[in-house]
Amino acid sequence: KLNSYEILSKALRFVKISGWQLLIAGAGPARANVKKLFVGLPVTYVGEEDQSSLFDLMGAADLFLWPAINEAYGMAMLEAQSQGLPVVAGNSGGVGDIVRDGVTGTLTKLGDVTDFSSAIERLMSDPGTLSKMSEQARITVECEHSLAGAAHKLTVALEELVDG
């Protein structure tokens, strides 16, 4: 994860839009190293939070940012999208199964600081696209990654077998 934080801190230094703030949740063993990476940037550390508090924080945010270095699946990105957060992420592992490029967020070249920074700026400067992606993120998670969505797919498949 530290590699992802390194890329994120470098990318944010290139963002020209002002007035943003990054919230970092969690309290892992690399916390001191992470804090060093973000010195001089508008970052707030919220520490370890329960899921309800994290969802409240996500609900108040505009974007979820994660470079996704060596990310296998991206559960945090799925949770963020369930709360209507478009995601900017590196295209790694199963991240493309979670984030639909141009629909629920933006996938960037893995490890490419410039590409990541540009994606952040594009979305931060386009509230209309952010709004559309936010809605699509919620819909996609509900339809494709929730228990209700899975139950519906299973019901349709079983009905086809029975009727067929």
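**Exercise 1. Two unusual backbone angles in one loop**

Task: Ala-68 has a relative accessible area of 0%; is Ala-68 buried or exposed, and what is its phi?

Solution. Start with the surface: a residue counts as buried under 20% relative accessible area, so Ala-68, at 0%, is buried. A word on the source before we go on: this is a predicted model. Now turn to the backbone, where Ala-68 shows a positive phi of about 60 degrees although it is not a glycine. As for its place, Ala-68 sits in the loop between strand 3 and helix 4.

Next, take Asn-70, which belongs to the loop between strand 3 and helix 4. Asn-70 is not a glycine either, and its phi is positive, near 55 degrees. On the surface scale, exposed means over 50%, so Asn-70 counts as exposed at 68% relative accessibility.

**Exercise 2. Following the aromatic rings**

Task: Find how many aromatic pairs the whole structure holds, and work out which residues the ring pairs link into a cluster.

Solution. Step one is the count: searching the whole structure gives two aromatic pairs.

Step two looks at Tyr-5 and Phe-38, whose ring centres are 6.3 Å apart, with 85 degrees between the planes; this pair is edge-to-face. Tyr-5 belongs to helix 1 (residues 2–14), while Phe-38 is in the loop between helix 2 (31–37) and strand 2 (43–47), so the pair ties together parts that are 33 residues apart in sequence. Both Tyr-5 and Phe-38 are buried.

Step three takes Tyr-5 with Trp-66. Their ring centres are 4.9 Å apart and the planes stand at 80 degrees, so this pair is edge-to-face. It links distant parts of the chain, since it joins Tyr-5 in helix 1 to Trp-66 in strand 3 (residues 64–66), 61 residues apart.

Step four checks burial with numbers. Tyr-5 has a relative accessible area of 15% and is buried; Trp-66 is buried too, with 10%.

Putting the pairs together, Tyr-5, Phe-38 and Trp-66 are linked into a cluster by ring pairs.

**Exercise 3. Helix 4 and its contact with helix 3**

Task: Describe the packing of helix 3 (residues 51–59) against helix 4 (residues 75–82), and say which residues make the contact.

Solution. Begin with the axes: those of helix 3 and helix 4 come within 9 Å and cross at roughly 60 degrees. That angle makes helix 3 oblique to helix 4. The crossing of helix 3 and helix 4 is right-handed.

Then list the residues. Helix 3 brings Gln-51, Phe-55 and Met-58, and helix 4 brings Ala-76, Glu-79, Ala-80 and Ser-82. Sorted by type, the residues of this contact of helix 3 with helix 4 are four nonpolar, two polar and one charged.

**Exercise 4. Helix 4 and its contact with helix 7**

Task: Determine how helix 4 is oriented to helix 7, and what kinds of residue make up the contact.

Solution. The axes of helix 4 and helix 7 are 7 Å apart, and the helices pack at an angle of about 115 degrees. Helix 4 is therefore roughly perpendicular to helix 7. The contact uses Leu-78, Gln-81 and Ser-82 from helix 4, together with Ala-137, Arg-138 and Val-141 from helix 7. By type, the contact of helix 4 with helix 7 has three nonpolar, two polar and one charged.

For one more residue of helix 7 (residues 127–144), look at Ser-134. Ser-134 is buried, with a relative accessible area of 13%. Leaving out residues up to four places away in sequence, Ser-134 touches Gly-84 and Pro-86.

**Exercise 5. Separation in sequence and in space**

Task: Where is Glu-49, and how far apart are Glu-49 and Ala-25, C-alpha to C-alpha?

Solution. Glu-49 is found in the loop between strand 2 and helix 3. With a relative accessible area of 32%, Glu-49 is partly exposed. Glu-49 and Ala-25 are 24 residues apart in sequence, and their C-alpha atoms are 7.0 Å apart in space. Not counting residues up to four places away in sequence, Glu-49 touches Leu-54 and Leu-57.

Now try Ala-27, in the loop between strand 1 (22–25) and helix 2. Ala-27 counts as partly exposed at 44% relative accessibility. Ala-27 and Ala-151 are 124 residues apart along the chain, and 35 Å separates their C-alpha atoms.

Notes
Residues are numbered from 1 along each chain as its sequence is written. This is a predicted model: local features need pLDDT of at least 70, side-chain atom pairs count only at pLDDT 80 or more; totals for chains, interfaces and linings use all residues. Side-chain values use heavy atoms; hydrogens and water are left out. Axes are lines fitted to C-alpha atoms, for helices over the stretch in contact, and angles run from 0 to 180 degrees between N-to-C directions. Helices (H or I, at least four residues) and strands (E, at least two) are DSSP runs, numbered from the N terminus. Angles under 35 degrees count as roughly parallel, over 145 as roughly antiparallel, 65 to 115 as roughly perpendicular and the rest as oblique. A crossing is left-handed if the near helix is turned anticlockwise from the far one by less than a right angle, and right-handed if clockwise. Contact means heavy atoms within 4.5 Å. Ala, Val, Leu, Ile, Met, Phe, Trp, Tyr, Cys and Pro count as nonpolar, Asp, Glu, Lys and Arg as charged, and the others, Gly among them, as polar. Rings of Phe, Tyr and Trp (its six-membered ring) pair if their centres lie within 6.5 Å; planes under 30 degrees apart count as stacked, over 60 as edge-to-face and the rest as tilted. Buried means under 20% relative accessible area, exposed over 50%, partly exposed in between (1.4 Å probe, protein chains only).
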